[in-house]
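Thanks for coming. I have one structure to go through today, and I will keep to the sheet, the helices and a few single residues. Here it is on the screen.

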Amino acid sequence: MQNKFKRLTGIAALEGQWLRRRHFDEPMLAQIAERIRQAESEHTGELVVAVEAIMPSHEQDAHLRALEVYGRLKVWDTPLNSGVLLYLALDSRAIEIIADRGIDASSAQWQQVCADLQARLAKADYLDGLMAAVDAIQVILKTQAPQHSDNNANVLPNRPVIL
């Protein structure tokens, strides 16, 4: 009810923009990119973090929007089908994880990562919360996309994408 009221009045959009500017500055984005770069050297998975201040009007369902972003950012386009998208919609406080078919993690594992991150964001613990989420995803990717000596290319950007 509160989210619907915020969306109808435009408060959610303002809040999304404010959260984006307040918490997702250049140093934070650089730290996340470095963490992803370091972790991806230990497996063949590819993590992309996408942050959207305001979900577009044509898609208000966070999961469907995450699928759209997954396609547009070509997270699916990895040699081992090992791309994973961590999507945050700040205006609706939604978090989604979309994994390619090469990653056989359970939805309970992804939901736990999302729930933990949601709890951290609710406490305004953005940087440490996101770093913990990246670490948790990397642990899953180590088991689901082990390192191969013949194919360990970094094909997707490590820097979070601001939509």
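Val84 has Ala99 in E3 as its bridge partner. That pair belongs to the pairing of E2 with E3, which is antiparallel and runs over six bridges. Please keep in mind that this is a predicted model.

E2 and E3 make a hairpin, with four residues between the two strands. Arg93 sits in that loop between E2 and E3. Its phi is positive, near 55°, and Arg93 is not a glycine. As a general point, most residues other than glycine have a negative phi. Arg93 is partly exposed, at a relative accessible area of 35%.

Asn81 is another non-glycine residue with a positive phi, about 50° in this case. Asn81 is placed in the loop between H4 and E2.

Now the other pairing of E2. Strand E2, residues 83–89, is joined to E1 by seven bridges, and those two strands run parallel. On that side, Ala50 is opposite Tyr87 of E2.

What is the strand order in the whole sheet? The order is E3-E2-E1-E4, four strands in an open sheet with mixed pairing. E3, residues 94–99, and E4 are the edge strands; each has a single partner strand, so one side of each has no neighbour in the sheet.

Next, the helices, starting with H3. H3 covers residues 26–40, which is 15 residues. From first C-alpha to last it reaches 21 Å, close to the 21 Å expected at 1.5 Å a residue. At the start of H3, a side-chain oxygen of Asp25 comes to within 3.1 Å of the backbone nitrogen of Met28.

Which residues of H3 are buried? They are Met28, Leu29, Ile32, Ala33, Ile36, Ala39 and Glu40. Viewed down the axis of H3, these buried residues fall within an arc of 135°, so they line one face of the helix. The general background is that an α-helix has 3.6 residues a turn, so residues three or four places apart point the same way.

What do the buried residues of H3 pack against? Their partners are helix H2 (11–23), strand E1 (46–52), helix H6 (126–144) and strand E4 (161–162). With respect to the sheet, H3 lies across E1 and E4, and it runs at about 160° to E1.

One residue of H3 I would pick out is Ile32. Ile32 is buried, with a relative accessible area of 1%. Setting aside neighbours within four places in sequence, Ile32 is in contact with Val49, Leu127, Leu130, Met131, Val134 and Pro160. There is also a long-range pair to note: Ile32 and Asp135 are 103 residues apart along the chain, and their C-alpha atoms are separated by 10 Å.

On to H5, residues 107–122. H5 has 16 residues and reaches 22 Å from its first C-alpha to its last, close to the 22 Å expected at 1.5 Å a residue. Its buried residues are Trp110, Val113, Cys114, Leu117 and Leu121. They cover an arc of only 95° around the axis, which puts them on the same side of H5. On the other side of H5, the exposed residues are Ala108, Gln111 and Ala122.

Where does the buried side of H5 pack? The buried residues of H5 pack against E2, E3 and H6. After H5 comes Ala124, which has a positive phi, near 60°.

Last, Glu68, which is found in helix H4, residues 62–72. Is Glu68 buried or exposed? The relative accessibility of Glu68 is 19%, so it counts as buried, given that buried means under 20%. The side chain of Glu68 makes a polar contact with the side chain of Arg65, at 2.8 Å. Leaving aside neighbours within four places in sequence, Glu68 is in contact with His58 and Glu59.

To recap the two helices: the buried residues of H3 pack against E1 and E4, among others, while those of H5 pack against E2, E3 and H6. H6 is also among the partners of the buried residues of H3. That is what I had; questions are welcome.

Definitions and conventions. Residues are numbered from 1 along each chain as its sequence is written. This is a predicted model: local features need pLDDT of at least 70, side-chain atom pairs count only at pLDDT 80 or more; totals for chains, interfaces and linings use all residues. Side-chain values use heavy atoms; hydrogens and water are left out. The expected span of a helix is 1.5 Å times one less than its number of residues. Buried means under 20% relative accessible area, exposed over 50%, partly exposed in between (1.4 Å probe, protein chains only). The arc is that of the directions from the helix axis to the C-beta atoms. Contact means heavy atoms within 4.5 Å. A polar contact is a pair of N or O atoms within 3.5 Å; within protein, one must be able to donate a hydrogen and the other to accept it, and residues adjacent in sequence count only if both atoms are side-chain atoms. Two strands pair if DSSP finds at least two bridges between them. Axes are lines fitted to C-alpha atoms, for helices over the stretch in contact, and angles run from 0 to 180 degrees between N-to-C directions.
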